[in-house]
Structures are given as structure tokens and as C-alpha cells.
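Reader: I should like to understand how the terms applied to this model are justified. Please set each value against its criterion.

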Amino acid sequence: MKFIIVLAALLACVFARPQGDAETLRQEFDNIGVDGYSFAFETSNGIKREESAVVNNLGSDHESIAIKGQYEFVADDGQTYTLEFVADENGFQPSGSHLPKA
């Protein structure tokens with residue numbers, strides 16, 4: 001539960017920092033609580049991010065968080081890159097067509 005509070009504070013700091021000339025086109029915060037969260041945003045410079053999390057075994061000694069999300073950005077080469085990820089008890093697991101395959 002402390003992790004969710006810290007994460008929410010961190011997200012607030014990230015959204016508060018200056019973004020250059022980019023404007024926020026869309027911003028959603030839903031279900032932010034002790035059992036999980038979800039948010040999404042899109043900026044005028046092509047950045048998009050969506051993420052949701054649930055707390056498994058809430059209140060037990062085996063409490064853990066499972067996060068799913070994706071983000072998209074336009075790189076200096078003009079291409080749009082999308083990265084999907086899962087972060088859970090198995091670690092951070094990114095996937096994207098631009099990432100090397102094992």
C-alpha cells in the first residue's frame with residue numbers, strides 16, 4: 001500500500017514538471033486507491049501513456065502489485081515507437097517491435 005502512495009506522489013511530480021512546448025491533450029486518472037490505479041495521458045508532441053495496476057493479496061503477507069501499460073513517443077528519427085510492458089512478481093517485461101528478440 002505504501003508503494004501506491006509513493007507511486008501516486010511520483011506521478012504527480014512527473015506531470016507537474018515542464019514539458020517544453022508540449023500541451024496536455026488528454027489526461028485521465030481513475031481508480032486510484034489502495035487496491036490499484038489506472039491513468040492515461042496524451043501530449044501534443046506525440047507522447048501517449050496508459051497504465052493500470054492491481055494489488056494482489058491485499059492486506060496479506062504476500063501482497064504484490066501487477067502493472068500493465070504502454071507508452072508511445074515520436075523519436076528524433078521521426079518514427080513512432082510503442083512499448084508495452086508488464087511489471088509484476090516476475091519483474092519488468094517490455095515488448096515492442098523495435099526491441100531486439102532473444
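The exchange below takes up the sheet, selected residues and the aromatic rings in turn.

Author: This is a predicted model, in which local features need pLDDT of at least 70 and side-chain atom pairs count only at pLDDT 80 or more, while totals for chains, interfaces and linings use all residues. Residues are numbered from 1 along each chain as its sequence is written, and side-chain values use heavy atoms, with hydrogens and water left out.

Reader: What makes up the protein chain in terms of helices and strands?

Author: The protein chain has 1 helix and 6 strands, in the order α-β-β-β-β-β-β from the N terminus. Helices (H or I, at least four residues) and strands (E, at least two) are DSSP runs, numbered from the N terminus.

Reader: How are the strands arranged in the sheet?

Author: The 6 strands form an open sheet with the order 1-2-3-4-5-6 and antiparallel pairing. Its edge strands are strand 1 and strand 6, each of which pairs on one side only.

Reader: What makes strand 1 and strand 2 a pair?

Author: Two strands pair if DSSP finds at least two bridges between them. Strand 1 (residues 24–33) and strand 2 (residues 36–43) have 7 bridges in the antiparallel sense, and therefore they meet the criterion. A hairpin through 2 residues joins these strands, and Gly 33 stands opposite Gly 36 in strand 2. At the other end of the sheet order, strand 5 (residues 80–88) and strand 6 run antiparallel and are joined by 5 bridges; Ala 87 has Phe 92 in strand 6 as its bridge partner.

Reader: Why is Gln 93 called partly exposed, whereas Glu 51 is called buried?

Author: Buried means under 20% relative accessible area, exposed over 50%, and partly exposed in between (1.4 Å probe, protein chains only). Gln 93, in strand 6 (residues 91–95), has 34% and is therefore partly exposed. Glu 51, in strand 3 (residues 48–56), has 7% and is therefore buried. Buried residues make up 23% of the 102 residues in the protein chain.

Reader: How do you know that Gln 93 and Asp 88 make a polar contact?

Author: A polar contact is a pair of N or O atoms within 3.5 Å; within protein, one must be able to donate a hydrogen and the other to accept it, and residues adjacent in sequence count only if both atoms are side-chain atoms. The polar contact between the side chains of Gln 93 and Asp 88 is 3.0 Å, so the distance satisfies the limit. The side chains of Glu 51 and Arg 49 also make a polar contact, at 2.2 Å. Leaving aside neighbours within four places in sequence, Gln 93 is in contact (heavy atoms within 4.5 Å) with Glu 84, Phe 85, Val 86 and Asp 88.

Reader: Why are the rings of Tyr 37 and Phe 39 called stacked?

Author: Rings of Phe, Tyr and Trp (its six-membered ring) pair if their centres lie within 6.5 Å; planes under 30 degrees apart count as stacked, over 60 as edge-to-face and the rest as tilted. The count by this rule is 6 aromatic pairs. Tyr 37 and Phe 39 are 6.1 Å apart centre to centre, with 15° between the planes, so this pair is stacked. The rings of Phe 39 and Phe 41 are also stacked, because their centres are 6.5 Å apart and their planes are at 10°.

Reader: Which residues form the ring cluster, and are Tyr 37, Phe 39 and Phe 41 buried or exposed?

Author: Ring pairs link Phe 29, Tyr 37, Phe 39 and Phe 41 into a cluster. Tyr 37 is buried at 4% relative accessible area, Phe 39 at 5% and Phe 41 at 14%.
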